[in-house]
Amino acid sequence: MMKIISEVVFANWYHAFIAMFLFFNFIYWVFSFLAKVIFNYFETKNKVAKVDNHFLYPGQQKKEILQSIRSIFIFSLQAIVLQQGIVRGWFHIQTDMNWWVVLQISVLFLWNEIHFYLCHTLLHTKFMMRNFHHVHHHSKEPTVFSTFSFHWIEAFLLGTVVFFPLMLYPFQLLAILSLPIMSLLINLLGHCNYDLFSQYHSSHILKFSYRHSMHHKGGKGNLGFLLPWLDQFFKTTAKQDK
Ligand SMILES: [Zn+2]
Ligand SMILES: [Zn+2]
């Protein structure tokens with residue numbers, strides 16, 4: 001199965017581009033709409049409450065969607081680099097499937113946390129913020145459509161996450177495909193603006209949705225993705241969350 005997918009997708013540069021464009025659009029639209037419907041349902045039943053961060057501006061979601069499609073376009077261009085790298089032997093992938101995939105997904109999860117923290121720290125330098133990262137922060141109150149709402153430079157930077165592991169180790173294709181899915185799901189929860197675990201302190205591992213809403217509200221601090229530990233270690237936890 002994975003062998004066939006790999007043969008078709010990596011056959012040439014435009015197959016890679018088209019496959020990635022369809023794949024990212026599929027996960028973006030399906031997961032975002034599902035999240036919207038599910039959260040609305042639970043909100044009307046009073047099971048979840050919004051974070052105290054209410055700054056939606058007119059036309060925000062439309063703008064976020066357009067910017068997200070532009071980011072998906074950038075990710076799809078990066079798939080051409082991936083395809084070329086595989087053909088030329090810079091990157092290695094494995095197409096057989098076995099239980100090692102679970103460990104590989106865990107490694108990619110941890111790598112994604114580190115890569116995001118590094119990129120996000122860089123994006124919060126004065127120069128990067130003024131020129132690029134302000135696009136993402138235009139959404140002071142994030143929505144489920146904010147997930148890929150970036151300047152194209154930021155999309156490029158975040159999209160490099162996949163390259164480094166493949167230079168070091170031939171990960172299974174299934175593990176590689178799980179990375180954008182896992183990342184989008186965490187991203188969706190991080191931007192939904194709901195406090196899903198209101199009973200816990202903001203430093204709790206499950207409070208990442210709340211922490212990222214606070215990152216958008218305050219504009220600084222809480223640079224991590226899901227885990228709170230890098231922020232705690234490097235003392236970048238948002239002030240209101242201490
Ligand atoms: Zn930021
Ligand atoms: Zn964000």
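Begin by selecting Ser-139 and Glu-64 in this predicted model, and display their side chains, which make a polar contact with each other at 2.7 Å. Along the sequence, Ser-139 sits in the loop that runs between α5 (126-137) and α6 (152-159). Is Ser-139 buried or exposed? Its relative accessible area is 1%, and because anything under 20% counts as buried, Ser-139 is a buried residue. If you now add the residues that Ser-139 touches, leaving out those up to four places away in sequence, you should select Gln-60, Glu-64, Ser-146 and His-216.

**Next stop: His-212**

Move on to helix α9, which covers residues 208-218, and pick out His-212 within this helix. His-212 is also a buried residue, with a relative accessible area of 7%. Which side chain makes a polar contact with the side chain of His-212? Select His-191, and you will find the two histidine side chains joined by a polar contact of 3.0 Å. To see the surroundings of His-212, add His-120, His-136 and Gly-190 to His-191, since these four are the residues in contact with His-212 once its neighbours within four places in sequence are set aside.

**Two asparagines in loops**

Now select Asn-193, whose place is in the loop between α8 (173-191) and β4 (194-195). What is unusual to look for in its backbone is the phi angle, which is near 65°, a positive value in a residue other than glycine. Asn-193 is buried, and its relative accessible area is 0%.

Then go to Asn-46, in the loop that lies between α2 (13-44) and β1 (49-50). Asn-46 has a positive phi too, of about 60°, although it is not a glycine. Where Asn-193 is buried, Asn-46 is exposed, with a relative accessible area of 70%.

**Towards the end of the numbering: Leu-230**

Select helix α10, made up of residues 229-233, and within this helix choose Leu-230. With a relative accessibility of 26%, Leu-230 counts as partly exposed, because the value falls between the limit of 20% for buried residues and the limit of 50% for exposed ones. How far apart in space are Leu-230 and Leu-118, C-alpha to C-alpha? The distance is 9.8 Å, even though the two residues are 112 residues apart in sequence. Leaving aside neighbours within four places in sequence, you can also show the residues in contact with Leu-230, namely Glu-113, Ile-114, Tyr-117 and Thr-236.

**Zooming out to the whole chain**

Finally, clear the selection and colour the chain by secondary structure, which comes to 10 helices and four strands. Following the chain along its sequence, you should meet these elements in the order α-α-β-α-β-α-α-α-α-β-α-β-α-α. The radius of gyration is 18 Å, close to the 18 Å that the globule rule gives for 242 residues, so the chain is as compact as a globular protein of that length. If you turn the C-alpha trace to view it along its principal axes, it spans about 50 × 40 × 40 Å.

Of the 242 residues in the chain, 48% are buried. Among the contacts with a separation of 6 or more, 74% are between residues 24 or more positions apart. Switching to a surface display, you are looking at an accessible surface of about 12,600 Å², of which 72% belongs to carbon and sulfur atoms. As a last selection, colour the charged side chains, 19 of them positive and 11 negative, and note that the centres of the two sets lie 7 Å apart.

Conventions. Residues numbered from 1 in each chain as written. Chains lettered and ligands numbered in written order. Predicted model: local features only at pLDDT ≥ 70, side-chain atom pairs only at ≥ 80, totals over all residues. Heavy atoms only, no water. Rg over C-alpha atoms; globule rule 2.2 N^0.38 Å. Buried < 20%, exposed > 50% of the residue type's maximum accessible area, 1.4 Å probe, protein only. Contact = heavy atoms within 4.5 Å. Areas by Shrake-Rupley, 256 points an atom, 1.4 Å probe, with all protein chains shown as cover. Lys, Arg positive; Asp, Glu negative; His and termini not counted. Charge placed at Lys NZ, Arg CZ, Asp CG, Glu CD. Polar contact = N/O pair within 3.5 Å; in protein donor to acceptor, adjacent residues only side chain to side chain.
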